[in-house]
Structures are given as C-alpha cells and as structure tokens.
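This briefing goes with the structure displayed below. Please look at the structure before reading the points that follow.

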Amino acid sequence: YEFVDPDVRRELASLPLMGLSAIGPRRERVHARKDDGTRPVLFVHGLAGHKGNFRPMSGWFHAQGRRRLYGVSLPPKGTTEDHVQHLQRLIEEVLEVNDLAHGQVDVVAHSRGGVIARLALEDAITARRVAKLVTVGTPHGGPVTARYARSRHLDELRPGSPVVARLQRQLPWTGPELVCLYSKSDALVAPAANAQVAGARNIEIKGLS
C-alpha cells in the first residue's frame, strides 16, 4: 500500500462512489424544467461513465436554485461520431422543450466527455447553441496513460491520434467560452498540461484526483 502513489490511492478510493452513481437508467426523456432564470446545463460523462456520475454535482446546483439540469447518457456501444451527434441532438432537444429556440445552454463535461463536446462544437449551429463549456479532467492533448490499455475509444485518446490531432487543429481556441479544470494530482490525465487548452481559461484544482 505504501508503495502506491497517493494520487493513485485517491483515484482508487473514488471508484465505489462512481459505481454507486451509475445505478439507474442510462437514458431518460428530456422534459421541460422550471425556468430558474439561467441557462440549462448539460452534464456529459466520461469514458465508461454514466449520467449518474454527476448526481452529486447536479444536487449541489439544485441546492443553489438551478432547475434546468440534464444528464447526458452517451450510447455505450456508439462510436465517437455517434456520441458527437447524440450530444448535438440533445442540445437542440433541451432548448426546444424549454421553449428556448434562440437560447443557449452550458455544458459541463468530464474526461472524454469534454473531447466529445469539443468535437460537437465544430458544427457552427451547435457552437451558437453553447454559451460555455467547462471540462473537468479532460485529456485535451491525449494522456500518456491511454497507452496502458487498449480499446477503440482509448486508442483515440492517445497523443498523436487522429482525434487528438483534430482537437489540436482547433487551437488557439476561439469557440464558445471554455474553462478547463485540471489537477496535477490527476493520476489518469497526465501530464497535467494535456488537460489544458491554449486560448481557454485553465484553472488548477489542487490536491484532487
């Protein structure tokens, strides 16, 4: 135990909570929510994640009076392009059901969810629909840890992959407001510089994995 890096220990300790937050249906119908005077927020989970992963965060938002909160459930067997199109459609759906035809949403995305969101914003219509994107521990530059396992989506996150190269072509960032939350204690997205984006507001969260 003492030979395991403390940041890795914190990462492993969070897994039970992540597992509990994945209980429940993946996909729910999008319903109109009470107007709280602010933009709707969409929460996008990461690789192998679940929309329930954001329950603690959305609960905090709710306690602050926010009501238009939506968890995004990316199709588990979908390709990256499937996930991009799914998010684009859901943004339109949220605005439509809330009678916000000319309105905007904010997007909060964890890990690979931030990659999907950035790819979705390459579409000019979607970019106009999003006011702010906040990424949490997103491997914008590709994490070197993606080399330690193999899967279709992990391979796409490797530094130098076509997907990461596509993200690099967006720089310096000139799209909707982009805030990147990152941590040097993140055991998965390393190095920490790869969780930052040139042209974005990059904020370090110290001591958290």
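**Briefing on the protein chain**

Glutamate 122 is partly exposed, with a relative accessible area of 39%. The model is predicted. Glutamate 122 belongs to a network of salt bridges that also links Glu81 and Arg166. The points below begin with the whole chain and then return to this network.

**Overall build**

- The protein chain has eight helices and six strands.
- In sequence order, these elements give the pattern α-α-β-α-β-α-β-α-α-β-α-α-β-β, which ends with two strands.
- For 209 residues, a compact globule would have a radius of gyration near 17 Å, and the value for the protein chain, 17 Å, agrees with this.
- Along the principal axes, the C-alpha atoms fill a box of roughly 55 × 35 × 30 Å.
- Of the contacts between residues at least 6 apart in sequence, 73% join residues at least 24 apart.

**Surface and charge**

- Of the 209 residues in the protein chain, 45% are buried.
- The accessible surface is about 11100 Å², and carbon and sulfur atoms account for 56% of this surface.
- The protein chain carries 29 positive and 21 negative charges. The mean positions of these two sets are 1 Å apart.

**Salt bridges**

- Side chains of opposite charge can pair when their charged atoms come close.
- The structure contains eight salt bridges, and three of them are described here, starting with the pair that includes glutamate 122.
- Arginine 166 and glutamate 122 meet through their side chains, with an N to O distance of 2.8 Å. Arginine 166 is in helix 8 (residues 162-168) and glutamate 122 is in the loop between helix 5 (112-120) and helix 6 (124-129), so this salt bridge ties together parts that are 44 residues apart in sequence.
- Arginine 166 has a relative accessible area of 23% and is partly exposed.
- Aspartate 35 and arginine 68 form another salt bridge, at 3.6 Å from N to O. This pair links distant parts of the chain, 33 residues apart. Aspartate 35 is in the loop between helix 2 (15-21) and strand 1 (41-44), while arginine 68 is in the loop between helix 3 (55-63) and strand 2 (69-72).
- Is aspartate 35 buried or exposed? Aspartate 35 is exposed, with a relative accessible area of 53%.
- Arginine 68 counts as buried because its relative accessibility is 8% and the limit for buried is under 20%.
- Aspartate 155 and arginine 158 also form a salt bridge, and their closest N and O atoms are 3.6 Å apart. Aspartate 155 is partly exposed at 25% relative accessibility, whereas arginine 158 is buried at 18%.

**Backbone features**

- Most residues other than glycine have a negative phi, and most peptide bonds are trans. The next points list some exceptions.
- The peptide bond from leucine 171 to proline 172 is cis, with omega near -5°. Proline 172 sits in the loop between helix 8 and strand 5 (177-182).
- The peptide bond from alanine 190 to proline 191 is cis as well, with omega near 0°. Proline 191 is in the loop between strand 5 and strand 6 (201-204).
- Which phi does aspartate 99 have? The phi of aspartate 99 is positive, about 55°, although this residue is not a glycine.
- Aspartate 99 is in the loop between helix 4 (80-97) and strand 3 (105-110), and counts as exposed at 70% relative accessibility.
- Serine 111 also has a positive phi, near 50°. Serine 111 lies in the loop between strand 3 and helix 5, where it counts as buried at 17% relative accessibility.

**A pair of glycines**

- Glycine 65 is in the loop between helix 3 and strand 2, and is partly exposed at 32% relative accessibility.
- Glycine 65 and glycine 37 are 28 residues apart in sequence. From C-alpha to C-alpha, the two glycines are 9.6 Å apart in space.

Methods:
Residues numbered from 1 in each chain as written. Predicted model: local features only at pLDDT ≥ 70, side-chain atom pairs only at ≥ 80, totals over all residues. Heavy atoms only, no water. Helix = DSSP H or I, 4+ residues; strand = E, 2+ residues; numbered from the N terminus. Rg over C-alpha atoms; globule rule 2.2 N^0.38 Å. Buried < 20%, exposed > 50% of the residue type's maximum accessible area, 1.4 Å probe, protein only. Contact = heavy atoms within 4.5 Å. Areas by Shrake-Rupley, 256 points an atom, 1.4 Å probe, with all protein chains shown as cover. Lys, Arg positive; Asp, Glu negative; His and termini not counted. Charge placed at Lys NZ, Arg CZ, Asp CG, Glu CD. Salt bridge = Lys/Arg side-chain N within 4 Å of Asp/Glu carboxyl O.
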